[in-house]
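Q: Please take a close look at a single helix of this model and at what surrounds it. I would like one connected account that starts from its packing and then moves outward to the open spaces and to a few individual residues.

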Amino acid sequence: MVPRASFARAARRTLRFQCSHTPNNRRTLASAKSAGYSYETGEVNGIKFASRDIPGPTTQLALVARAGTRFQLFPGFAEGLEKFAFKSTHKRSSLRITREAELLGAELFAYHSRENLVIGAKFLREDLPYFTELLGEVISKTRFTRHELHEEVIRVIKLNQKSILANTDQMALNSAHSVAFHRGLGTALHPTSSVPITQYLHEQELATFSQAAYAKPNFAIVANGASHDELERWVGEFYSDSPATPPRDFPAIETKPSKYYGGEERIAHDGGNNMIIAFPGSGAYTGGHYKPEIAVLSSLLGGQSYIKWSPGFSLLARACKAQTQAHVSTRNLSYSDAGLLTISMEGKASHIREASQAVVEILKAISGGDIEKDDIQKAIAKAKFRTLEAGQNIGTGLELTGAGLVQSGKPSNLDGIAEAIEGVTEDAVKKAAKSLLEGKATVSTVGDLFVLPFAEEIGLHV
């Protein structure tokens, strides 16, 4: 049996040898700028597109339209367009579309956010022409039949409404947006059960709205894993039927600037407890409303640990260590011209009450300068990582890039965002926390209202 000391001596000799014989051309860790985040952009026949030629056998293609709930003309229109994606067109039935996608081994998807409607597909690289044509067919040749609307689209929307009734987290988030922004960004992501969607959703109006939503200035096409020249060729060929302007006899899609209001809403619910404390946050980088100090403040507050067996470095994680039955997390929700910094608490009502008091105390401590410099540096590193990770994620990157092209004609510059975050100072974080406390907060509470506190009780102005 070999003694442990022999192993230790051999390990030290090996390490010294490696250090003394390290070649000069040895690869180092890749920087953010060399990580391949950038998209190559272009425009053909008035249609903006972007591609990132990632080596590999598969491609992900998406059409990003400015048709989320913020821009819908009537309740349910954004979700109606989403549910009609890949239904019957003037060229193919929905059954044929499904069968052809299955034969090619592809995946089709559609979803909407508060600002964007995303329709896309994942497929083998050589099938790019087929799916580029299919997305063009979806936006220009969908039939919007009455039987599909009533038998499939509205039926699924009503099922979603029922699921939201039991989702206190979604109810609190919708409430926070409604209180913070009223209309526009304040519109619920999905119609609630109290919204009479059948009063607004009609096939003819939805078809006309699609012409406005899918007008050339209002959408962009983004691909991961596709040649730029090849994508340009197929976009130019298959999107000639897209209207250049919205219909004249239909109201234009509203683009009014978002306005923050703030306030409080309380909803009784016996299915769970959620409380969201929110403040004006940082908008998207491409919209000119980006505030890097908010991203750092979000990481500094934190609440959720990303290190196994550790509560994490964030201030809320340490402050709420005793509230074991309350899950706390902080994030900044960015939109084109506004943002919402949310601190979400979920769990036992009494623990949420204690955690909410800790939130206000910590914000006061940050604004007063009672914070370690080391914590600021950790928060900067975490905020930078979150930004670059989001850009590296293919799904997130598709929507971010497409939204940037539609809003400003250029994709989101992740290198620029990372540099802005690195330049955040301790003083900037203090000023950001102070301005939040001095302004109006948004507080949305769902659950046991007998225990859960009012905003005034924890020291917030609403």
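**Helix α5 and its surroundings**

A: The buried residues of α5 pack against four other helices with given ranges or names, α3 (94-103), α7 (197-200), α8 (203-213) and α6, and also against α2. The model is a predicted one, and what follows describes that model. The residues of α5 that count as buried are Glu148, Leu149, Val153, Ile154, Ile157, Gln161 and Ile164. The helix has 20 residues, and the distance from its first C-alpha to its last is 27 Å, close to the 28 Å expected at 1.5 Å a residue. Although its span is close to that expectation, α5 bends by about 30° at isoleucine 154, and Ile154 is itself among the buried residues of the helix.

One residue outside the helix helps to show how α5 meets its neighbours. Lysine 87 sits in the loop between α2 and α3, and both of these helices are among the packing partners of the buried residues of α5. Lysine 87 is classed as buried because its relative accessible area is 17%, which is under the 20% limit. When neighbours within four places in sequence are set aside, its contacts are Ser94, Ile97, Glu148 and Glu152. Of these, Glu148 also appears among the buried residues of α5.

The helix also takes part in the lining of an open space. The second largest pocket holds about 1000 Å³ of space and is lined by 41 residues, with His182, Arg183, Gly184, Gly186 and Thr187 lying nearest its centre. The elements that give two or more residues to this lining are α2 (77-84), α5 (146-165), α6 and β7 (263-268). The largest share, 6 residues, comes from α6, and α2 and α6 are also elements against which the buried residues of α5 pack. By type, the lining of the second largest pocket divides into 17 nonpolar, 17 polar and 7 charged residues.

Histidine 182, which is one of the residues nearest the centre of that pocket, is found in the loop between α6 and α7. Its backbone has a positive phi of about 60° although the residue is not a glycine. Most residues other than glycine have a negative phi. Histidine 182 counts as partly exposed because its relative accessibility is 42%. Another positive phi, of about 55°, is found at asparagine 45, again a residue that is not a glycine. Asparagine 45 lies in the loop between β1 (40-44) and β2 (47-52) and counts as partly exposed at 47% relative accessibility.

Helix α6 leads on to the largest pocket, which holds about 1400 Å³ of space. Its lining consists of 46 residues, of which Asn332, Leu333, Ser334, Thr396 and Leu400 lie nearest the centre. Two or more residues of this lining come from each of α6 (168-181), α10 (292-301), β9 (326-334), α13 (373-392), α14 (394-408) and α15 (414-422). Helix α13 gives the most, with 7 residues. The lining of the largest pocket divides into 16 nonpolar, 23 polar and 7 charged residues.

As for enclosed space, a search of the whole structure finds 1 cavity of 30 Å³ or more, and the largest cavity has a volume of about 30 Å³. It is lined by Leu81, Phe84, Ala85, Val138, Thr142, Phe144 and Tyr214, a set that divides into 6 nonpolar residues, 1 polar and no charged.

Two further residues extend the picture. Leucine 124 lies in strand β5 (residues 117-124) and, at 37% relative accessibility, counts as partly exposed. Apart from neighbours within four places in sequence, it is in contact with Pro57, Thr58 and Leu104, while its C-alpha is 6.0 Å from that of threonine 59, a residue 65 places away in sequence. Threonine 255 is placed in the loop between α9 (228-238) and β7, and β7 is one of the elements that line the second largest pocket. Threonine 255 counts as partly exposed at 48% relative accessibility, and, with neighbours within four places in sequence left aside, its contacts are Arg66 and Phe71. Its C-alpha is 38 Å from that of alanine 326, with 71 residues separating the two in sequence.

How values were computed:
Residues are numbered from 1 along each chain as its sequence is written. This is a predicted model: local features need pLDDT of at least 70, side-chain atom pairs count only at pLDDT 80 or more; totals for chains, interfaces and linings use all residues. Side-chain values use heavy atoms; hydrogens and water are left out. On a 1 Å grid over the protein atoms alone, a cavity is a set of points where a 1.4 Å probe fits but cannot get out, and a pocket is an open set with protein on both sides within 12 Å along at least five of seven lines; lining residues have an atom within 4 Å of a point. Grid points are joined across faces, edges and corners, and a volume is the space filled by probe spheres set on the points. Ala, Val, Leu, Ile, Met, Phe, Trp, Tyr, Cys and Pro count as nonpolar, Asp, Glu, Lys and Arg as charged, and the others, Gly among them, as polar. The expected span of a helix is 1.5 Å times one less than its number of residues. The bend at a residue is the angle between axes fitted to the seven residues ending there and the seven starting there. Buried means under 20% relative accessible area, exposed over 50%, partly exposed in between (1.4 Å probe, protein chains only). Contact means heavy atoms within 4.5 Å.
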